[in-house]
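Me: Please take a close look at one part of this model. I would like the aromatic contacts first, then the strands around them.

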Amino acid sequence: SLVLIDEGEYGGGPYVVIKYPVSIIGQGREKTTLRFGLQIEGKKREGDVVIVDSLKIKECQRDGLVAVAYECMDVVMRRCTVEKCPEYGVYANNAHVSCDDLQVVGCGNSGVVASNNSTVKLSGEDTSIRGNCTRGVSNDYGLGAYSSDSKIQLVSPLTKEKISTSNGGGGNWGGPGTIEQVGENGVVLQVVY
């Protein structure tokens, strides 16, 4: 399925729950704004991937994007901004999320989280995780690998120092999981945290 969203601001509420493969495409992060989060719950048996492209999620009631559930569909975000959400920006729990040119700014808790056997892959020169953890919780980070079996992958030439800046709480990165730099082909170049 394909959902094209025109220019403008939409909604106000906690989440729209997505249980089936769909492409949600806006007109650009400065033109299409959702004031609700997206919660991905669909199983892989329903389809492979949810695509979110060219929009902004701003000032929703909780998290910006949450991919949660065992064997959750993969999520691809391209050219999106998550801004001033009161909880997490992007949160993966038992899921795989790939983000290209993602900007997460001013969220209350961690900017980007991988938890419980999750991988979050970040790529693109416009990627920026900044000014998050505004609630000041000490175990929140700009980039949070929240469990030992979770990882955040930065596609070269991205580095944690370049993309994750000015985050409060526990700082720009942390947690018991792994942050690693990978090549375009996904091969691990180095573990950086």
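Reply: Start with the cluster that ring pairs form from Tyr-88, Tyr-91 and Tyr-146. The model is predicted. The structure holds 3 aromatic pairs.

Take Tyr-88 with Tyr-146. Their ring centres are 6.3 Å apart and their planes stand at 80°, which is over 60, so this pair is edge-to-face. The contact links distant parts of the chain. Tyr-88 lies in the loop between strand 11 (81–83) and strand 12 (90–93). Tyr-146 lies in the loop between strand 18 (143–145) and strand 19 (151–155). The two residues are 58 residues apart.

Burial comes next. Tyr-88 has a relative accessible area of 18%, under the 20% cut-off, so Tyr-88 is buried. Tyr-146 has 23% relative accessibility and counts as partly exposed.

Now Tyr-91 with Tyr-146. Here the ring centres are 6.3 Å apart and the planes are at 90°, so this pair is edge-to-face. Again the pair links distant parts of the chain: Tyr-91 sits in strand 12, Tyr-146 in the loop between strand 18 and strand 19. The separation is 55 residues. Tyr-91 has 16% relative accessibility and counts as buried. Tyr-146 takes part in the pair with Tyr-88 and in the pair with Tyr-91.

Another ring has a charge over it. Lys-160 lies over the face of Trp-173, at 4.7 Å from the ring centre.

Next, the strands. Strand 11, which precedes the loop of Tyr-88, belongs to an open sheet of 7 strands. The sheet order is 2-5-8-11-14-17-20, and the pairing is parallel. Strand 2 (8–10) and strand 20 (164–165) stand at the edges. Each has a single partner strand, so one side of each is left without a neighbour in the sheet. The partner of strand 2 is strand 5 (residues 32–34); 3 bridges join them, and they run parallel. In strand 5, Thr-32 is the bridge partner of Gly-8.

Other parallel pairings involve strand 10 (residues 74–78). Strand 7 (residues 49–53) pairs with strand 10 over 5 bridges, in the parallel sense. The bridge partner of Ile-51 in strand 10 is Val-76. Strand 10 also runs parallel to strand 13 (residues 96–100), joined by 4 bridges. There, Met-77 has Cys-99 of strand 13 as its bridge partner. Strand 10 thus pairs with strand 7 and with strand 13.

Methods. Residues are numbered from 1 along each chain as its sequence is written. This is a predicted model: local features need pLDDT of at least 70, side-chain atom pairs count only at pLDDT 80 or more; totals for chains, interfaces and linings use all residues. Side-chain values use heavy atoms; hydrogens and water are left out. Two strands pair if DSSP finds at least two bridges between them. Rings of Phe, Tyr and Trp (its six-membered ring) pair if their centres lie within 6.5 Å; planes under 30 degrees apart count as stacked, over 60 as edge-to-face and the rest as tilted. Buried means under 20% relative accessible area, exposed over 50%, partly exposed in between (1.4 Å probe, protein chains only). A charge sits over a ring if NZ of Lys or CZ of Arg is within 6 Å of the ring centre and within 35 degrees of the ring normal.
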